[in-house]
Structure formats: C-alpha cells, structure tokens
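I opened this notebook page to look up how the parts of the model are arranged and where they touch. My entries follow the order in which I looked.

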2 protein chains.
Amino acid sequence: MRLKVGEPLRVFNGRGREFEATIETASASSVHVRLGPRLEAAPEPRVAMTLAQAILKGAKMDDVVRDSTMMGVAAIQPIVTERAEVTRSSLTSGQRRERWQRIAVSSAKQCGRATVPEIYEPLEFDQVIDALSKMTLPLPGLMLVEPGAAMKTTSVSELDLSPQRSATLLIGPEGGWTLTEVERAATACRLITVGGRTLRADVMCVVALSALFTMWREF
Amino acid sequence: MRLKVGEPLRVFNGRGREFEATIETASASSVHVRLGPRLEAAPEPRVAMTLAQAILKGAKMDDVVRDSTMMGVAAIQPIVTERAEVTRSSLTSGQRRERWQRIAVSSAKQCGRATVPEIYEPLEFDQVIDALSKMTLPLPGLMLVEPGAAMKTTSVSELDLSPQRSATLLIGPEGGWTLTEVERAATACRLITVGGRTLRADVMCVVALSALFTMWREF
C-alpha cells in the first residue's frame, strides 16, 4: 500500500461496520489510522445464507469462496464428501481454512461488502447432516442436485420459500453426490434443481445463490 | 481423440439435434461416423435469450462466452461500448468472433447442450439500441445497471415479466456504462438491478441469467 501519512482511506471491521479514516503513522510493519465518521455499508441479505460446499479441486474452491462472498453469504462450511479427493487432516496441515478466510476478506474489500463471511472448520458430510437434523425446523437444508435424480426434487422457482432468517445450501463436488449422500440428506434437506443443464461445479454456487436470492426478493 | 473404428460416441449438430453414432473410418485428418438413433437432448429455455455483452478485457470475454453458453443463451451479441478498450477493427483482425464461436462449441459439449449459441459480429452500442428501438414491443431490452443509478431502476424480482419468446439482456464492461449510454438505452430497455453489491464484470452474466431464468420459471 503506497498510502502516506494524512491520506484518507476506508476501513471495515468485517462485521458490517465501515468508517472513513486517515493515516496517522505508517512504517514497513504497521499503520495507525484515526477513525472518522461511520459510513453506510451496503445492506446484507435478510436471509443469512450458509453455503455448505463440498471441497473442489485445486484453485476452484478459492473461486467459490471469492464468488460466494461477493454474492453475500453469511458463512461458508467446507464439507468433505465421498467424491471429494481430500481429507480433513490434509486440509488442516495445508492451512486451507486460513487461506480461504484471507480470500473472503479480499473479496469483501473488492465488492464493497463490510461483512466478511466466517469460514468454518471443514466437516465430514455426515456431521453437517447431523447438525441440520438437530434443528427444530422441518427440512432446514436446501441441497442442490442434478435434475433427474432418483429422489423427488423441486425446481428452485417452484419452492415454497417462507420468509426466513437463515438457510443452509449444500452444493456437491465435481463428481456429484453419491446416491447414499442424497438419501441421507433427504431426511434434513429439500432437494432442489436449477434448470436441466449440467453446470460446472465452480459456478454452481453463483447460479444457486442468484436463484434463491431472486426467490427471496433480495435481487 | 483416441477413439478407434467401431467405438460408440455422441454427435450433435449445434441446432438442437443429438445422435448416437459409431466410428466407421478414422485417419489423422478425418473421421467418418454412422449415425444411430436420435437422442433426447436437454430442453432449451422457452425464452430465447440474447446476451448483449460489452467486450471485457483479456480472457474474461472467453469466460463470459463459456458460462453464458452453459446457462443456455440462444445468441451472444458482443458490443463495443465507450469504456470498452477495444475497437471493432481490432476484433476483426484478431479473429475474436471465430475464437468465441469455438469456445461456445466446446462449452456446449461440456454441459451436454445440443444447441450452440450464435456469436454475432460485434456492434457499436448505438447500433444495438437502434435495433432494439425498431422492435414492435415496448422496451424490448433489459439492461443490467449498478444499483443507485440516476435513472429509475427495477429489481429483477420485481419485474413484471410476461411470458415471452425472446429477450435481450445488456451487460456493461468492467468500468460500467456511461450515463449517456444509460440514458440512450432507457428509450428501448428496462433498467434492472440484481442486489446491492458490486459484482465482478465476468460473473454478471451468470448472476443476471440465473435471476431472469428463475423469474421465468426455467429454473
């Protein structure tokens, strides 16, 4: 950052507050700023959305974190699924959660969002379903599945979406969910589809979040 | 393609027809196949959508062609706008249209779509508005604008979208539309927004198409 003492900037705390500020001192290792008036940050969606995303290969998971932050999710829950080619221990040793958190901060900055979604520790698929099953709501989750799955599915535009304060959206890996996973999820999730085409795994979150936010009249 | 004589494959004509086929002869330069039964291709959206996209920098326009083909657009109209850093003659000499057409074919293959959108010759912004103005429908275009634009805008989820056979969606470049462009477009387009955040230019098409297809109950 080539900013000098006295120059104006904007700072945000990642939890919805944004301020004008001025640089007071700046060295190679630290910067002190004086906070000015609070700014009106762009409003957050009324539905706090948790994206429970199966971990994708290589840099694709980075793209999902970047794009879903831009779309306005409240939190991201990475999941290890049967067809995801990773283990939780490899994610921990690779400090992937910390990397994704940094990407979320940088994406929030870029899109003018004063709230940074929390990146949760990766969980196994069954742990996520267990957590959803313990909620008091009937079928609290929304699981995105391929059209023509064996189980009963609903098109996003036919969903009966009551106004709600939060929701969890489950999106699978490149190879899709296994039948066992879909059957297990059906106890806690509605199975939803978005159109009849095969979508690339790394843009599914943008498509599904856009469709849901349209249904909830956020868009 | 490492396929050998006698091996089965699927072929499509790019205009909605897909067939089973078998390789009859194969050399380094050509392949002859025998067509088998016609396959049921994934249905196309009922609304034939033309994406009129301001040309983005570098490889980002390639991504837009790839992603909007996956989303199901019927045609792509590249537009040269005031803030797009290209000219029509540089696009012609760089054979960009031909490149985008190849990308559309490859994306259609990947997502199991038997229809390849047509990529039109790039036009100037004014030419696109002139063409829309000549249509008999009132306000035939939908122009995506930043929230808080000077003119009257409508959220996608509040659009009164009658069932229609075709629509044109205009999306701007990285730097956005100029005020003059927005004012000029307002004579032929409804100005629409998708939420309050700043979206990256290269994913705007996925967000806006998802929202519109949800409103039209394609999703």
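Before looking at any helix pair, I noted that axes are lines fitted to C-alpha atoms, for helices over the stretch in contact, and that angles run from 0 to 180 degrees between N-to-C directions.

Entry on confidence. I am working with a predicted model, for which the predictor gives the complex an ipTM of 0.90 and a pTM of 0.91. For chain A, I noted a mean pLDDT of 91, with 99% of its residues at 70 or more.

Entry on the helix pair in chain B. I looked up α1(B) and helix α3 (residues 96-110) of chain B, and found that their axes come within 8 Å and cross at roughly 40°. I therefore entered α1(B) and α3(B) as oblique to each other, and I recorded the crossing of α1(B) with α3(B) as right-handed. On the α1(B) side I listed B:D62, B:V65, B:R66, B:T69 and B:M70 as making the contact, and on the α3(B) side B:W100, B:I103, B:A104, B:S107 and B:A108. Sorted by class, the residues of this contact between α1(B) and α3(B) are 6 nonpolar, 2 polar and 2 charged.

Entry on the helix pair in chain A. I then turned to helix α1 (residues 60-71) and helix α3 (residues 96-110) of chain A, whose axes come within 8 Å and cross at roughly 40°, which makes α1(A) oblique to α3(A). The crossing of α1(A) and α3(A) is right-handed. In the contact, I found A:D62, A:V65, A:R66, A:T69 and A:M70 of α1(A) meeting A:W100, A:I103, A:A104, A:S107 and A:A108 of α3(A), and by class this contact has 6 nonpolar, 2 polar and 2 charged residues.

Entry on the domains of chain A. I found chain A divided into domain 1 (8-39) and domain 2 (48-215), with the C-alpha centres of the two domains 33 Å apart. How many residues of domain 1 are in contact with domain 2 in chain A? I noted 6 residues of domain 1 in contact with 5 residues of domain 2, and the side of domain 1 that touches domain 2 divides into 1 nonpolar, 2 polar and 3 charged residues.

Entry on the two chains. Between the chains, I recorded 29 residues of chain B in contact with 29 residues of chain A. On the chain B side, the elements giving two or more residues are α1 (60-71) and α6 (204-215), and α6(B) supplies the largest share, 7 residues. By class, I entered that side of chain B as 14 nonpolar, 9 polar and 6 charged residues.

Terms used:
Residues numbered from 1 in each chain as written. Chains lettered and ligands numbered in written order. Predicted model: local features only at pLDDT ≥ 70, side-chain atom pairs only at ≥ 80, totals over all residues. Domains from an automatic or database assignment. Contact = placed C-beta atoms within 7 Å. Nonpolar A, V, L, I, M, F, W, Y, C, P; charged D, E, K, R; others polar. Helix = DSSP H or I, 4+ residues; strand = E, 2+ residues; numbered from the N terminus. Parallel < 35°, antiparallel > 145°, perpendicular 65-115°, else oblique. Left-handed = near helix turned anticlockwise from the far one by under 90°. pLDDT = per-residue confidence, 0-100.
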